[in-house]
Amino acid sequence: MDPMDEGEQPPAPSPENAQWHGARMDFSQAMRYGDYLGLEQILSAQHPLSPDHNEMLFIVQHQTGELWIKLMLHELQAVRTLVAGGDLPPAFKMLARVARIMDQLVHAWDVLATMTPPEYSAIRPYLAASSGFQSFQYRELEFILGNKNPAMLAVHRDAPGQHARLERELHAPSIYDEAVRLLARSGLAVSPERLARDPGLPTAHDDSVMAAWLAVYRDPGHHWALYELAEKLVDLETAFRFWRFRHVSTVERIIGFKAGTGGTAGVSYLRKMLDVVLFPELFALRTKL
Ligand code: HEM
C-alpha cells in the first residue's frame, strides 16, 4: 500500500536518503570519480606565487598542455612500435588522435590570448627563469618526432629521471625513422646510409627516401598503407606547425619582443623554430607531383 494513502508524508529528502535519477549516491564503500582520476592531487597542484588573479590561467594552461603532451607521448610510443612491426591500422587510429590533440592545443591559445601585457607583467617577476623551454615532455615529443638536439639535455641535468628518459629518446629511432625502415622493408629502395644513420641526429633530407615516397604517391593504389601513413604524418606535422605559429603569435601579443624567462631572445627564437621540418621528404615531394 502506498504510505501516502494512509496520510503519511514521504521522508523529507536529506543527504542520507537522496535519490537522483537512479544514480549511485553512496560511495562510502566504492571508488568514486575523483579517486579514479587522482583529482585530489591534480586539483591541489596549482600554487600561484603572485597575488595576481590571472596567474591561475597561466598555471592551468601550462598544466593542461602538459597532460595532453603526456597523452601524445603515450600514443606516439605505441605508434612507433606498431610501425616497426608493420601493423599500420591501429597506428593510423593513434596518429589521427595525436593530430586532433595538437589541433586542440592550437585552439587552447585562444584562452591564453585573453591575457593582456599588463596582466602578464604582473606575474612575470614571480616566474623567475622558468619557461616552457624546460618542458622535458615537450622535448621528448620533439625527439620522438625526429627533431633531435643533444644540447637540450643539459637543461635536465639536475633531474636524473627526466634526463635519462630524454637521453634514451634522443638515441632511439624516431617514428619517421621507423616509417623509412618500413619503406625499405616494403621493397622500396632506401640507401644503406639512411638506414644506418645515427638516430641521435636530427632528420635530414635523403634523396633515396624522397624517391621512395614519390613512388608511393605516384601509385597510391599499389602502396595504400604507406600512402595513408605518409598523409597521417603530414596531418600531424601540419597541426604541430600551427601550434608553433600560435605560440609565437600569442607570445608576441603578450610580451612583444622582450626576452623570454628561459633566457632566449623570445619571439625571434620562436620564429626560428617555425623553420623546423620534421618529415622533410614528405613535404618536398609535393613540388614534384
Ligand atoms: C604568456 C604565455 C607564454 C609566454 C610569454 C611564452 C614565452 C615563451 C618564450 C619567450 C619561449 C622561448 C624560451 C624562453 O626564452 O623562455 C618559450 C618557449 C616555449 N614555450 Fe612558451 N610562452 C607562453 C606560454 C606557453 C604555454 C601555454 C606553453 C605550453 C602549454 C608553452 C610552451 C613552450 C615550449 C614547449 C617552449 C619551448 C619551445 C622550443 O624550444 O622550441 N608556452 N615560450
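**Exercise 1. Find which helices supply at least two residues each to the shell around the ligand, and which gives the most.**

Step 1. Three helices, α3, α11 (224-255) and α12 (267-273), each supply at least two residues of that shell. Helices here are DSSP runs of H or I with at least four residues, strands are runs of E with at least two, and both are numbered from the N terminus.

Step 2. The top contributor is α11, with four residues.

Step 3. The residues around the ligand number 24, and Gly65, Ser131, Gly132, Gly260 and Gly262 come nearest. A residue is near a molecule or strand if its C-beta atom, placed from the backbone, lies within 6 Å of it.

Step 4. By class, the shell holds eleven nonpolar residues, 13 polar and no charged. Ala, Val, Leu, Ile, Met, Phe, Trp, Tyr, Cys and Pro count as nonpolar, Asp, Glu, Lys and Arg as charged, and the others, Gly among them, as polar.

Before you go on, please keep in mind that this is a predicted model, where local features need pLDDT of at least 70, side-chain atom pairs count only at pLDDT 80 or more, and totals for chains, interfaces and linings use all residues. Residues are numbered from 1 along each chain as its sequence is written.

**Exercise 2. Describe the surroundings of three residues that UniProt lists under "binding site": Ile59, Val60 and His247.**

Step 1. Start with the record. An unreviewed UniProt entry lists Phe58, Ile59, Val60, Gln61, His62, Tyr120, Arg124 and Thr261 as "binding site", and the same feature name is placed at His247. UniProt positions are given in the numbering used here, feature names are shortened, and annotations may be inferred rather than shown by experiment.

Step 2. Isoleucine 59 sits in helix α3 (residues 55-84). Isoleucine 59 is partly exposed because 16 other C-beta atoms lie within 10 Å. The cut-offs are 20 or more such atoms within 10 Å for buried, 12 or fewer for exposed, and anything in between for partly exposed, with C-beta atoms placed from the backbone.

Step 3. Not counting residues up to four places away in sequence, isoleucine 59 touches Gln46 and Pro48. Two residues are in contact if their C-beta atoms, placed from the backbone, lie within 7 Å.

Step 4. Valine 60 also belongs to helix α3. With 14 C-beta neighbours inside 10 Å, valine 60 is classed as partly exposed.

Step 5. Histidine 247 is found in helix α11. Its count is 19 C-beta neighbours inside 10 Å, so histidine 247 is partly exposed. Leaving aside neighbours within four places in sequence, histidine 247 is in contact with Trp109 and Leu270.

**Exercise 3. Work out how α6 and α7 are oriented to each other, and what meets at their contact.**

Step 1. The axes of α6 (residues 136-144) and α7 (residues 160-171) come within 9 Å and cross at roughly 10 degrees. That is why α6 is roughly parallel to α7. Axes are lines fitted to C-alpha atoms, for helices over the stretch in contact, and angles run from 0 to 180 degrees between N-to-C directions. Angles under 35 degrees count as roughly parallel, over 145 as roughly antiparallel, 65 to 115 as roughly perpendicular and the rest as oblique.

Step 2. On the α6 side are Phe136, Arg139, Glu140, Phe143 and Ile144, which meet Gln162, Arg165, Leu166, Glu169 and Leu170 of α7. By class, this contact of α6 with α7 has five nonpolar, one polar and four charged residues.

**Exercise 4. Place arginine 194 and aspartate 206 in the fold, and list what each one touches.**

Step 1. Arginine 194 lies in helix α9 (residues 192-195), and aspartate 206 in the loop between α9 and α10 (207-218).

Step 2. Arginine 194 is partly exposed, with 19 other C-beta atoms within 10 Å. Aspartate 206, with 18 C-beta neighbours inside 10 Å, is partly exposed.

Step 3. Residues up to four places away in sequence are again set aside: arginine 194 touches Val180, Asp206, Ser208 and Val209, while aspartate 206 is in contact with Ser191, Arg194 and Glu281.

**Exercise 5. Explain what stands out in the phi of histidine 21 and alanine 128.**

Step 1. Most residues other than glycine have a negative phi.

Step 2. Histidine 21 has a positive phi of about 55 degrees, and alanine 128 one of about 50 degrees.

Step 3. Histidine 21 is in the segment before α1 (33-37) and is exposed, with 4 other C-beta atoms within 10 Å. Alanine 128 lies in the loop between α5 (117-127) and α6 and is exposed, with 9 such atoms within 10 Å.
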